[in-house]
Each structure stands twice: as C-alpha cells, then as structure tokens.
Amino acid sequence: MPIFHAKCPCGALCLEVDGDPLHNHICTCARCQRASGSALSHNVWFREEDVRIVSGDHSTWFQQGENTPDVMKAFCRICGGGGFSKSGDYFPGSVVIAGGTFADPSFPAPDHVHWWNNRPHWIGLADAIERHGAG
C-alpha cells in the first residue's frame, strides 16, 4: 500500500496518507478556481481514516452558510497553504487534499475533469484524461 506525504508551502503542516486515492480529478468550476488561486484545482479524496496530521497546526474555515465539520477547509496557521478539506455529502467519510501539496512526480495522475466547459479558453489537457462538461 503506498504512503503519500503532503506539505504546505512552509513545511510546517505535514500530512501522511496510507492508501490509494478514492477519487482523483481536476476541476475548473469557479469555486475551485477561486479556492486554488489558479485556473484549475487538482482534488484528491482519501478515506478519512487513512489521513494523519504528522506535524503542524491548522486553522479551519467554513464556507458561507456552513458550520459543520463535514464541510470545511483546514490550512496551515503559518503560511495559509497546504491543508485539507471535507466535502460533506459529496463524498462522506473522506478528506480532500490538493494534489500539488504532494509535490511527487510519481503521484497518480487525475483521471477526469469536472466542469470542463467552464475552463478558461486557453486550457487544454492530455487526451487520456476524461472530460465532463458540466460537473
């Protein structure tokens, strides 16, 4: 079983994951663009029990209108990066970690794209990645 290591930009918040991703995709919806600060986000879901905080403290942010531990985003208290989130009913019992925080060239590639039709006009992806138009 693989072990993956994720870190925030300053390296204070470190996560360790035992096991393969449950769900691994790129998203180009407006919410993910704003959350990532980029034209797309790479979201990777793991079973909650397979994710451990190895070091560092995190702050928690709840999206507008949410206040349950099921729908939250956690991030490094020092640099504001890295972190993890939970998506509630979308994929219960899982933790979402940004693919870029693994910074590992051998990390599994995403296998599909959500909200493909919402992407900036200049984005193209490898033909092997499945595309979903609206989400």
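# Group meeting: strands, cores and charge pairs

Ser85 counts as buried, at 17% relative accessibility. Let me start there. One caution first: this is a predicted model.

Ser85 sits in strand S8, residues 84–87. What does Ser85 touch beyond its neighbours in sequence? Leaving out residues up to four places away, the contacts are Met72, Lys73, Ser94, Val95 and Val96. Look at Ala74 too. Ala74 and Ser85 are 11 residues apart in sequence, and their C-alpha atoms are 5.8 Å apart in space.

Now the strand pairing. Begin with S1, residues 3–7. S1 pairs with S2 in the antiparallel sense, over 5 bridges. Ile3 stands opposite Asp18 of S2. The two strands make a hairpin, with 6 residues between them. In that turn, Gly11 has a positive phi of about 85 degrees.

S2 has a second partner to show you. That is S5, residues 51–55, antiparallel to S2 over 4 bridges. Val17 has Val51 as its bridge partner in S5. How many residues of S2 are buried? The count is 4 of the 5, so S2 is largely enclosed by the rest of the structure.

Move to S4. S4 and S3 run antiparallel, joined by 5 bridges. His23 has its bridge partner in S4, at Trp45. S4 also runs antiparallel to S9, again with 5 bridges. There, Val44 is partnered by Ile97 of S9. As for burial, 6 of the 7 residues of S4 are buried, so this strand is largely enclosed by the rest of the structure.

A reminder on strands in general. Side chains in a regular strand alternate between the two faces of the sheet.

Next, the cores. The largest nonpolar core has 14 residues. Which residues have the most contacts inside it? They are Val17, Phe46, Phe84, Ile97 and Phe102. The elements giving two or more residues to this core are S1, S2, S4 (41–47), S7 (71–76) and S9 (94–98). Another core lies apart from it, with 5 residues. Among them are Ile26, Ala39, Val113 and Trp116.

Ala39 and Trp116 bring me to Thr28, since Thr28 touches both. Its other contacts, beyond four places in sequence, are Gln33, Leu40, His114, Trp115, Asn118 and Arg119. Where does Thr28 lie? Thr28 is in the loop between strand S3 (23–27) and helix H1 (30–36). Is this loop residue buried or exposed? Thr28 is buried, with a relative accessible area of 1%. The side chain of Thr28 reaches the backbone oxygen of Trp115, at 2.5 Å.

On to the cysteines. How many disulfides does the structure hold? The count is 0. Take Cys27. The closest cysteine sulfur to that of Cys27 is in Cys29, at 3.5 Å, and that is too far for a bond. The cut-off is 2.5 Å between the sulfurs. Cys27 is buried, at 5% relative accessible area. Now Cys76. Cys76 is in no disulfide either. The nearest cysteine sulfur to Cys76 belongs to Cys8, 3.7 Å away. Cys76 is buried as well, with a relative accessible area of 2%.

Last topic: charge. Side chains of opposite charge can pair when their charged atoms come close. The structure holds 5 salt bridges. One of these joins Arg52 and Asp18, at 2.7 Å from N to O. This pair links distant parts of the chain, with Arg52 in S5, Asp18 in S2, and their positions 34 residues apart in sequence. Arg52 is partly exposed, at 32% relative accessibility. Which residues are linked with Arg52 in a network of salt bridges? They are Glu16 and Asp18.

Then there is Arg47. Arg47 meets Glu49 in a salt bridge, at 3.4 Å from N to O. Arg47 also forms a salt bridge with Asp50, where the closest N and O atoms are 3.1 Å apart. How accessible are these three? Arg47 is partly exposed, at 38%. Glu49 is exposed, at 55% relative accessible area. Asp50 counts as buried, at 15%.

Terms used:
Residues are numbered from 1 along each chain as its sequence is written. This is a predicted model: local features need pLDDT of at least 70, side-chain atom pairs count only at pLDDT 80 or more; totals for chains, interfaces and linings use all residues. Side-chain values use heavy atoms; hydrogens and water are left out. Buried means under 20% relative accessible area, exposed over 50%, partly exposed in between (1.4 Å probe, protein chains only). A polar contact is a pair of N or O atoms within 3.5 Å; within protein, one must be able to donate a hydrogen and the other to accept it, and residues adjacent in sequence count only if both atoms are side-chain atoms. Contact means heavy atoms within 4.5 Å. Two strands pair if DSSP finds at least two bridges between them. A nonpolar core is a set of buried Ala, Val, Leu, Ile, Met, Phe, Trp, Tyr and Cys residues joined through side-chain atoms within 4.5 Å. A salt bridge is a side-chain nitrogen of Lys or Arg within 4 Å of a carboxyl oxygen of Asp or Glu.
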